[in-house]
Amino acid sequence: MSIIQSISVTEDVTLVSLQDSPADIGLISDIFTEISKNNIDVDMISQTPPHSHTPNLSFTVSDEDVGKMLEITAKLRDIYPDMKLTLRSGNCKISVFGEEMRGTPGVAVKVFYALSRANVEVSMITTSEVDISLLVDKHFVEPAIESLEREFNK
């Protein structure tokens, strides 16, 4: 059995980043509650460790939900004026999946090597035991997929 079972692409993804947000799980809960109330599906979520008590939080939503996200981020700017909010559309999520990845060292390095060989810039990475998800600008998708398929003999 191959370590990688599938490589898939989700198109039309927007990256939402909250920089210098308070290190407050209540705030994060409030943000995602508001997003949920607006029927927005959140996909990738990543938070950096706090630097001077202010972590950065990033997550992805569908490009279809950018209008709703702009309304939500406007409200956040009013409440937390020091927080920097950015939205960047035109991304794609590449997911590398394989049940055999669990407990197999070196899979991530092969993924990263394949992308570096193709000069792909990665905006965000999230992982689980069986999945590596990478957010890239849409113009990097084709070279990324070709290089990953070569690396994993797909």
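Two strands count as paired when DSSP finds at least two bridges between them. With that in hand, the strands of this predicted model can be taken one pairing at a time.

A good place to start is β5 and β6, which make a hairpin with three residues between them. Strand β5 covers residues 122-127, and β6 covers residues 131-137. The two run antiparallel and are joined by five bridges. To see one of these links up close, look at Thr-126, whose bridge partner in β6 is Ser-133. Strand β6 also has a partner in β4, residues 84-97. That pairing is antiparallel too, and it runs over seven bridges. Here Val-96 sits opposite Ile-132 of β6. So how much of β6 is buried? Six of its seven residues are, so the strand is largely enclosed by the rest of the structure.

Strand β3, residues 57-62, tells a similar story: it is mostly covered, with five of its six residues buried. Strand β1, residues 6-19, runs antiparallel to β3, and six bridges hold the pair together on paper. On another side of the bookkeeping, β2 (residues 45-47) pairs with β3 over three bridges, again in the antiparallel sense. One residue of β3 turns up in both pairings. Ser-58 has Ser-17 standing opposite, and Ser-46 stands opposite Ser-58 as well.

Next comes Asn-91, a residue of strand β4. Is Asn-91 buried or exposed? Its relative accessibility is 0%, and anything under 20% counts as buried, so Asn-91 is buried. Its side chain reaches the backbone oxygen of Arg-88 at 2.7 Å. There is plenty more around Asn-91, even with the neighbours within four places in sequence left out. Its contacts include a run from Thr-10 through Glu-11, Asp-12, Val-13 and Thr-14 to Leu-15. Leu-135, Val-136, Asp-137 and Lys-138 are also in contact with Asn-91.

Two other asparagines catch the eye for their backbone angles. Most residues other than glycine have a negative phi. Asn-39, though not a glycine, has a positive phi of about 60 degrees. Asn-119 has a positive value as well, with phi near 55 degrees. Where do these two residues lie? Asn-39 is in the loop between α1 (25-37) and β2, while Asn-119 is in the loop between α3 (107-117) and β5. As for cover, Asn-39 has a relative accessibility of 65%, and over 50% counts as exposed, so Asn-39 is exposed. With a relative accessible area of 60%, Asn-119 is exposed too.

Finally, the surface has a nonpolar patch made of Phe-112, Val-122 and Ile-125. Together these residues offer about 220 Å² of accessible area. Ile-125 belongs to strand β5, the strand that forms the hairpin with β6. Why is Ile-125 called partly exposed? Its relative accessible area is 37%, which falls between the 20% and 50% limits, so the label is partly exposed.

Methods. Residues are numbered from 1 along each chain as its sequence is written. This is a predicted model: local features need pLDDT of at least 70, side-chain atom pairs count only at pLDDT 80 or more; totals for chains, interfaces and linings use all residues. Side-chain values use heavy atoms; hydrogens and water are left out. Patches are made of residues with over 30% relative accessible area and no salt bridge: like charges are joined within 9 Å, nonpolar side chains (Val, Leu, Ile, Met, Phe, Trp, Tyr) within 5 Å. Accessible areas come from the Shrake-Rupley method with a 1.4 Å probe; for residues, only the protein chains shown count as cover. A salt bridge is a side-chain nitrogen of Lys or Arg within 4 Å of a carboxyl oxygen of Asp or Glu. Helices (H or I, at least four residues) and strands (E, at least two) are DSSP runs, numbered from the N terminus. Buried means under 20% relative accessible area, exposed over 50%, partly exposed in between (1.4 Å probe, protein chains only). A polar contact is a pair of N or O atoms within 3.5 Å; within protein, one must be able to donate a hydrogen and the other to accept it, and residues adjacent in sequence count only if both atoms are side-chain atoms. Contact means heavy atoms within 4.5 Å.
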